[in-house]
Amino acid sequence: MSLKADYLKYTLHFRFEAGTSRGTLTEKTSYIIRICDDENPSVIGYGECGPLKGLSYDDRPDFEEKLDQYCTEFTELDLQLFNWNIPIILNQLISPAFPSILFGFETAMLDFLSGGNRLIRTSDFSAGQRSLPINGLVWMGSQSFMRKQIEEKLQAGYTTLKLKIGAIDFDQECDLLAMIRSRFPADQITLRVDANGAFQPADAMAKLERLAAFDLHSIEQPIRAGQPDLMADLCLHSPLPIALDEELIGQMEYVHKFRLLKKIQPQYIILKPTLLGGLRHCDEWIELAGRLNIGWWLTSALESNIGLNAIAQYTAQFKHLLPQGLGTGQLFHNNVDSPLVVEKGQLHYDPARSWNLSPLLVDASH
């Protein structure tokens, strides 16, 4: 056996202009790692590295150079893979400064060990016997655009909506929330909002108090990350539960994770494996959250269906889940075909549907 790793660079194109507090997205670049054995080249493990511009810890000019280096070093090691040595390889081969590469290699190795069938964690979900509850994501934009998205999500059967806020006038955003609440009380539709750090510390509490009138489930990252004292104070006094998201990025040591959560004491944390260093780092966050009585859910970070599939299969090992943020596979018009299906606010895995990775080979570069 002689294992080799390489990667394909693939650009995903949005179906619409996706607004966030950091700007508007029209495309997203991912790097698809492939691991195979020279003696059996038909078995290929796929993993996805998809750093987000302006947000990921490893959004840096030398990203692709480092990815190419890690693929070369992995190939030169002439490794044998087992489930037990994957954490060792990750620890000794890849710097924690590259969390999305850690996620890509981790899931590519797990996929390879499964026979290259995109089954990194078999479960009742991957057998098609269970679905995962997910939230319907409403992107920032004009009030009319956001209202249109809300209507589409409600008609599609979602019972949990997540609205990105912080880009348009706050009064207009409140009007949208009031419109939903006038039609659907909290026991019918759960509402989450995500500020992506858009609130200023001086008026954050006043905005939280106003938002609380709409019976919201939670708000993600009301102020920008890196202000732990201010965030801890907000979490202590907010009338609305707060979920940390960007605050977790860059915390790669277990003890640092624990100190952060113990200091801030959020009501929830949001776990994005691409931004946090992969599934084993999510294991640490979930263990710590359990100890500190903090809720959590997993969210994709605009991956293609390759990364989304890995996250969904990881998520499926847990029971009694809150709605997860795993409905992003429909965002791109050139996503790869997969068994993942969204229906009535649930993510399903249909084993009868085939993977089609040919777009990667046609459109990718490297």
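Select Pro133 to begin, and then Gln346, its bridge partner in β13. The model is a predicted one, in which local features need pLDDT of at least 70 and side-chain atom pairs count only at pLDDT 80 or more, while totals for chains, interfaces and linings use all residues. Residues are numbered from 1 along each chain as its sequence is written, and side-chain values use heavy atoms, with hydrogens and water left out.

**The sheet around Pro133**

Widen the selection to β4 and to strand β13 (residues 346–349), which run antiparallel and are joined by two bridges. Strands here are DSSP runs of E with at least two residues, helices are runs of H or I with at least four, and both are numbered from the N terminus; two strands pair if DSSP finds at least two bridges between them. Adding β12 completes an open sheet of three strands, in the order β4-β13-β12, with antiparallel pairing. β4 (132–133) and β12 stand at the edges with a single partner strand each, so one side of each has no neighbour in the sheet.

**The parallel strands**

Next, select strand β7 (residues 190–194), where four of the five residues are buried, so that the strand is largely enclosed by the rest of the structure; buried means under 20% relative accessible area, exposed over 50%, and partly exposed in between, with a 1.4 Å probe and protein chains only. Strand β6 (residues 160–164) runs parallel to β7 and is joined to it by five bridges, and within this pair Lys162 stands opposite Arg192 of β7. Following the chain from β6, you pass through helix α5 (residues 170–183) before reaching β7, and this β-α-β crossover is right-handed, a term for a path from the first strand over the helix to the second that runs clockwise when the strands point away from the viewer.

Strand β8 (residues 218–220) also runs parallel to β7, with three bridges between them, and Ile219 in β8 is the bridge partner of Val193. Here the chain crosses from β7 through helix α6 (residues 201–211) to β8, in a β-α-β crossover that is right-handed.

**Two helices with a buried side**

Move to helix α2 (residues 86–93) and colour Ile86, Ile89, Leu90 and Leu93, which are buried. These residues cover an arc of only 95° around the axis, which puts them on the same side of α2; the arc is that of the directions from the helix axis to the C-beta atoms. On the face turned away from that buried side are the exposed residues Asn91 and Gln92. The elements that cover the buried residues include α1 (63–77), α3 (99–113) and α10 (279–291), where contact means heavy atoms within 4.5 Å.

Helix α8 (residues 254–264) can be viewed in a similar manner, with Lys257, Leu260, Leu261 and Ile264 as its buried residues. Seen down the axis of α8, they fall within an arc of 90°, so they line one face of the helix. Their cover includes α7 (228–237), β9 (242–244), β10 (268–271) and α10.

**The largest pocket**

Now select Leu25, Trp139, Leu302, Thr328 and Leu331, which are the closest to the centre of the largest pocket among the 50 residues that line it. This pocket holds about 1100 Å³ of space, and β2 gives the most to its lining, with seven residues. On a 1 Å grid over the protein atoms alone, a pocket is an open set of points with protein on both sides within 12 Å along at least five of seven lines, a cavity is a set where a 1.4 Å probe fits but cannot get out, and lining residues have an atom within 4 Å of a point. Grid points are joined across faces, edges and corners, and a volume is the space filled by probe spheres set on the points.

**The cavity and Arg118**

A search of the whole structure finds one cavity of 30 Å³ or more, and the space in the largest cavity is about 50 Å³. Its lining is made by Tyr46, Thr107, Asp111, Arg118, Ile120, Ile306, Asn309 and Ala310. α11 gives the most to this lining, with three residues.

Stay on Arg118, which lies in the loop between α3 and β4 and is buried, with a relative accessible area of 9%. Phi of Arg118 is positive, near 60°, in a residue other than glycine.

**A last stop**

Finish at Asn293, in the loop between α10 and β11 (295–298). Asn293 is exposed, with a relative accessible area of 72%, and its phi is a positive value near 60°.
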